[in-house]
Amino acid sequence: MSREIFSKRIKEHSLSGGAKLYTFKTATDDVVSIKGSFLGGHVYAKKHNPLLSEFVWRLLDKGTKRLKREEVEEKIESRGISLDFSADSHRIRFSLLTRKKFLVEALDLLFEMLSVPRFDEADIKNEKVILQGEIDESHVDTYRRGGVELSRIMFDRNHPNFSLSSEESKKALPDVSKE
């Protein structure tokens, strides 16, 4: 289908705080898919650390101040909800897929995960170990190293597509903390 056909079917809704919601009806009546983002990358942090947004998205599904990790996992799995997070230097992104009958529950859970995340010290420590392994692996992966080098040539350091070298990531890793 052409872009014009889709654009006529998209409805824009203005929300409080200047947010916009775009809706698009599909042939699937029982499934709701929501994708969104908000400003929240490390460029906005008080204490500048280029790995901060990486840790935020990795920890969002690890529990909230009210719900432990296992309770979040149980809610997601028992209702067949798909909920994913990602980030770059400027934005935190989320993707939610759920059946219509669980939409309110899924949105409540997403809101809670985004507004009052747990950020447990043990989870931070564990994610540091995982990320250290990923950094070490990326250092010997020629495909990934080539992509990093290309992004460093093409983009300014403040551009969302600029990539840190493995050395820069290793240097920033110990300074990631809950504060």
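Two strands are called paired if DSSP finds at least two bridges between them, and helices (H or I, at least four residues) and strands (E, at least two) are DSSP runs, numbered from the N terminus. The views below show a predicted model, in which local features need pLDDT of at least 70 and side-chain atom pairs count only at pLDDT 80 or more, while totals for chains, interfaces and linings use all residues. Residues are numbered from 1 along each chain as its sequence is written, and side-chain values use heavy atoms, leaving out hydrogens and water.

**View 1. The whole protein, with its seven helices and five strands.**
Read from the N terminus, the elements follow one another as α-β-β-β-α-α-β-β-α-α-α-α. The C-alpha trace spans about 50 × 40 × 30 Å along its principal axes. Of the 179 residues, 28% are buried, where buried means under 20% relative accessible area, exposed over 50% and partly exposed in between (1.4 Å probe, protein chains only). The protein exposes about 12,000 Å², with carbon and sulfur atoms supplying 55% of that area; accessible areas come from the Shrake-Rupley method with a 1.4 Å probe, and for residues only the protein chains shown count as cover. Among contacts (heavy atoms within 4.5 Å) with a separation of 6 or more, 65% join residues 24 or more positions apart. There are 32 positive and 30 negative charges, and their mean positions are 5 Å apart. For that count, Lys and Arg are positive and Asp and Glu negative, with His and the chain ends not counted; each charge is placed at NZ of Lys, CZ of Arg, CG of Asp or CD of Glu.

**View 2. The hairpin of strands S1 and S2.**
Strand S1 covers residues 10–14 and strand S2 covers residues 20–24, and the two pair in the antiparallel sense over five bridges. Look for serine 14, whose bridge partner in S2 is lysine 20. Five residues lie between the strands, and glycine 17 takes a positive phi near 75° in this hairpin.

**View 3. An open, antiparallel sheet in the order S3-S5-S4.**
Strand S3 (31–39) and strand S4 (82–87) are the edge strands, each pairing on one side only. From one strand to the next the twist averages 10°. Nine bridges link S3 to strand S5 (residues 91–99) in the antiparallel sense, and isoleucine 34 stands opposite leucine 96 in S5. Helix H4 (residues 103–115) lies across S3, S4 and S5, and runs at about 160° to S5. Axes here are lines fitted to C-alpha atoms, for helices over the stretch in contact, and angles run from 0 to 180 degrees between N-to-C directions.

**View 4. Helix H2 and what covers its buried residues.**
Helix H2 takes in residues 52–59, and Ser53, Phe55, Arg58 and Leu59 are buried in it. The cover over these buried residues includes S4, S5 and helix H5 (121–140). It helps to keep the geometry in mind: an α-helix has 3.6 residues a turn, so residues three or four places apart point the same way.

**View 5. Lysine 75 in helix H3.**
Helix H3 spans residues 69–78 and holds lysine 75, which is partly exposed with a relative accessible area of 25%. Leaving aside neighbours within four places in sequence, lysine 75 is in contact with Leu67, Ile81, Glu105 and Leu109. Of these partners, leucine 109 is 34 residues away in sequence, yet the two C-alpha atoms are 8.4 Å apart in space.

**View 6. Arginine 118 and phenylalanine 119 in the loop between H4 and H5.**
Arginine 118 is partly exposed, at 26% relative accessible area. Not counting residues up to four places away in sequence, arginine 118 touches Lys62, Gly63, Thr64, Lys65, Arg66, Leu67, Lys68 and Lys178. The C-alpha atoms of arginine 118 and leucine 96, 22 residues apart along the chain, are separated by 20 Å. Phenylalanine 119 is worth a pause: although not a glycine, it has a positive phi of about 50°. Phenylalanine 119 counts as partly exposed because its relative accessibility is 23%.

**View 7. Serine 151 in helix H6.**
Helix H6 covers residues 142–154, and serine 151 has its place there. Serine 151 counts as buried because its relative accessibility is 7%. Apart from residues up to four places away in sequence, serine 151 touches Asn161, Phe162 and Ser163.
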